[in-house]
Amino acid sequence: MEIKVLGTGCPKCKALEQATQNAINELGVQATIKKVEDIVDIMNYGVMRTPALVINEKVVLSGRVPDAKELKEIITKNQQ
C-alpha cells in the first residue's frame with residue numbers, strides 16, 4: 001500500500017503525517033508513506049485544500065486531520 005500525505009509543511013500537514021504513521025503501526029499494515037510538498041504535484045491530484053491523504057493514487061481525504069478512529073477506518077477501507 002502506498003500512502004501520500006499532501007501538504008506544504010503546515011502544522012496540520014505534519015499532524016496528518018504523524019497520525020497516519022501511528023495508524024498504520026497500530027493496524028499492522030504494510031505501507032509506505034510519502035510526503036508530497038510540491039504545490040504542482042498537489043494540484044495534479046485536484047486537491048484544493050490541504051492536508052490531503054492519497055491511498056494507492058486515490059484521494060481519500062482533503063482539508064482536515066481526522067481523529068485516530070476515522071483515520072484507521074479510511075486506511076482499512078482502502079487497502080488492496
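**Figure 1. Salt bridge between Glu73 and Lys69 in the predicted model.** In this predicted model, the side chains of Glu73 and Lys69 form a salt bridge with an N to O distance of 3.6 Å. Because the two residues are four positions apart in helix α3, about one helical turn separates Glu73 from Lys69. Glu73 is partly exposed, at 45% relative accessible area, whereas Lys69 is exposed, at 59%. Side chains of opposite charge can pair when their charged atoms come close. The count of salt bridges comes to six.

**Figure 2. Salt bridge between Glu26 and Lys72.** The side chains of Glu26 and Lys72 meet in a salt bridge, with an N to O distance of 2.4 Å. This pair links distant parts of the chain: Glu26 belongs to helix α1 (residues 11–27) and Lys72 to helix α3 (residues 68–77), 46 residues apart. Glu26 is exposed, with a relative accessibility of 54%. Lys72, by contrast, is partly exposed, with a relative accessible area of 25%.

**Figure 3. Packing of helices α1 and α3.** Two packed helices are described by the angle between their axes and the distance between the axes. The axes of α1 and α3 come within 9 Å and cross at roughly 65 degrees; α1 and α3 are therefore roughly perpendicular to each other. The crossing of α1 past α3 is right-handed. On the α1 side, the contact is made by Leu16, Ala19, Thr20, Ala23, Ile24, Glu26 and Leu27, and on the α3 side by Leu71, Lys72, Ile75 and Thr76. Glu26 and Lys72, both part of this contact, also form the salt bridge of Figure 2.

**Figure 4. Salt bridge between Glu70 and Arg64.** A salt bridge with an N to O distance of 2.5 Å joins the side chains of Glu70 and Arg64. Glu70 is partly exposed, with a relative accessibility of 24%. Arg64 is likewise partly exposed, with a relative accessible area of 37%.

**Figure 5. Surroundings of Lys4 in strand β1.** Lys4 lies in strand β1 (residues 2–6). This lysine is buried, with a relative accessible area of 13%. The side chain of Lys4 makes a polar contact of 2.8 Å with the side chain of Tyr45. Leaving aside residues up to four places away in sequence, Lys4 touches Lys34, Val36, Tyr45, Ala52, Leu53, Val54 and Glu57. Tyr45 thus appears both among the residues touched by Lys4 and as the partner in the polar contact.

**Figure 6. Cis peptide bond between Thr50 and Pro51.** Thr50 and Pro51 are joined by a cis peptide bond, with omega about 0 degrees. Pro51 is located in the loop between α2 (39–44) and β3 (52–55).

**Figure 7. Positive phi values at Asn56 and Glu57.** Most residues other than glycine have a negative phi, and most peptide bonds are trans. Asn56 has a positive phi, near 50 degrees, although this residue is not glycine. Asn56 is found in the loop between β3 and β4 (58–62) and is partly exposed, with a relative accessible area of 24%. Glu57, also not a glycine, has a positive phi of about 70 degrees. Glu57 likewise lies in the loop between β3 and β4. With 45% relative accessibility, Glu57 counts as partly exposed. Glu57 is one of the residues touched by Lys4, the buried lysine of Figure 5.

Note on methods. Residues are numbered from 1 along each chain as its sequence is written. This is a predicted model: local features need pLDDT of at least 70, side-chain atom pairs count only at pLDDT 80 or more; totals for chains, interfaces and linings use all residues. Side-chain values use heavy atoms; hydrogens and water are left out. Buried means under 20% relative accessible area, exposed over 50%, partly exposed in between (1.4 Å probe, protein chains only). A polar contact is a pair of N or O atoms within 3.5 Å; within protein, one must be able to donate a hydrogen and the other to accept it, and residues adjacent in sequence count only if both atoms are side-chain atoms. Contact means heavy atoms within 4.5 Å. A salt bridge is a side-chain nitrogen of Lys or Arg within 4 Å of a carboxyl oxygen of Asp or Glu. Axes are lines fitted to C-alpha atoms, for helices over the stretch in contact, and angles run from 0 to 180 degrees between N-to-C directions. Angles under 35 degrees count as roughly parallel, over 145 as roughly antiparallel, 65 to 115 as roughly perpendicular and the rest as oblique. A crossing is left-handed if the near helix is turned anticlockwise from the far one by less than a right angle, and right-handed if clockwise.
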